[in-house]
Amino acid sequence: RISPPTNPWFILLTLFLALIANFIPRSPIPYIPDWVALVLCFWCVYQPRFISLGTAFILGLLMDVADGSILGQHALPYVILAWCANYLSRRVLSFQNIKQAIHILPLLVGCQVLQISMQILAGGIFPGWEYFISPVLATIAWLPLSYFLMLAQIRRMQNYRHDSFGGL
């Protein structure tokens, strides 16, 4: 099934909203998923030709500056996440949503492991194993998030079919 490409402005808007969601302080609730990683991973799977490693790097630098962490703590894991998601996009798209989420879980866990590793190498402390609840919650959020982000695509496909076949 070939679908028309998603509007680039919609992709940028969702990445910006994910960035704003990540700016919310996490101290009261440490298990909040990394929304930028999740949305970035989604678009790298569904639109691998539009989202580049440069986009992932810029989002990572913005997160580094916002968190006050060392430069690269988010940028490097986001770039690796984007590369892996781009590489696995055809495989992931061959499955339904639940199996897609299962394939995304190791990518999100790997992103968290890289972030923690860089933090520890810079002299930080290990935040505890409960820190890894966040990728599991992000994987659960993959199902409603993918439905929400694909709504614009579904509407666009319906309009495309309606216009292409003379309103049939």
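Here is a chat about helix packing and empty space in a predicted model.

Colleague: Let's start with α2 and α5. What makes them oblique to each other?

Modeller: Helix α2, residues 35-46, and helix α5, residues 97-121, pack at an angle of about 125 degrees. Roughly perpendicular covers 65 to 115 degrees, and roughly antiparallel needs over 145. About 125 degrees fits neither class, so the pair counts as oblique. Their axes are 11 Å apart, and the crossing is right-handed.

Colleague: Which residues of α2 and α5 meet there?

Modeller: From α2 you have Ala37, Leu38, Cys41, Val45 and Tyr46, and they meet Asn97, Gln100, Ile104, Leu107, Leu108 and Cys111 of α5. By class, that contact has nine nonpolar, two polar and no charged residues.

Colleague: And why is α2 called oblique to α4?

Modeller: Helix α4 is residues 75-93, and α2 packs with it at about 45 degrees. Roughly parallel would need an angle under 35 degrees, and roughly perpendicular begins at 65. About 45 degrees lies between those cut-offs, so α2 is oblique to α4. The axes of this pair are 7 Å apart, and the crossing is right-handed.

Colleague: What is the make-up of that contact by class?

Modeller: The residues where α2 touches α4 divide into 13 nonpolar, two polar and no charged. On the α2 side they include Val36, Leu40 and Cys44, and on the α4 side they include Tyr78, Leu81 and Val92.

Colleague: Next pair: why are α3 and α4 called roughly antiparallel?

Modeller: Their axes cross at roughly 150 degrees. The label needs an angle over 145, so α3 and α4 count as roughly antiparallel. The axes come within 7 Å, and α3 passes α4 in a right-handed crossing.

Colleague: How do you know which residues join α3 to α4?

Modeller: Contact means heavy atoms within 4.5 Å. In α3, Leu53, Ala56, Phe57, Leu59, Gly60, Leu61, Met63 and Asp64 meet Ala75, Tyr78, Val79, Ala82 and Trp83 in α4. The contact has 11 nonpolar, one polar and one charged residues. Gly counts as polar and Asp as charged, so Gly60 and Asp64 are the polar and charged ones here.

Colleague: Now the empty space. How do you know where it is left?

Modeller: You roll a probe the size of a water molecule over the atoms, and that shows where empty space is left. A search of the whole structure finds one cavity of 30 Å³ or more. About 50 Å³ of space lies in the largest cavity.

Colleague: What makes that a cavity and not a pocket?

Modeller: In a cavity the probe fits but cannot get out, while a pocket is open. The lining of the largest cavity is Pro33, Asp34, Ala37, Leu108, Cys111, Gln112, Ser134, Pro135 and Ala138. α5 and α6 (133-164) each supply at least two of those residues. By class, the lining has six nonpolar, two polar and one charged. Asp counts as charged, so Asp34 is the charged one.

Colleague: Which residues lie nearest the centre of the second largest pocket?

Modeller: Arg26, Asp67, His74, Gln119 and Tyr131 do, out of 17 lining residues. About 350 Å³ of space lies in this pocket. The elements giving two or more residues to its lining are α3 (53-67) and α5, and α5 has the largest share, four residues. The lining divides into six nonpolar, eight polar and three charged.

Notes
Residues are numbered from 1 along each chain as its sequence is written. This is a predicted model: local features need pLDDT of at least 70, side-chain atom pairs count only at pLDDT 80 or more; totals for chains, interfaces and linings use all residues. Side-chain values use heavy atoms; hydrogens and water are left out. Axes are lines fitted to C-alpha atoms, for helices over the stretch in contact, and angles run from 0 to 180 degrees between N-to-C directions. A crossing is left-handed if the near helix is turned anticlockwise from the far one by less than a right angle, and right-handed if clockwise. On a 1 Å grid over the protein atoms alone, a cavity is a set of points where a 1.4 Å probe fits but cannot get out, and a pocket is an open set with protein on both sides within 12 Å along at least five of seven lines; lining residues have an atom within 4 Å of a point. Grid points are joined across faces, edges and corners, and a volume is the space filled by probe spheres set on the points.
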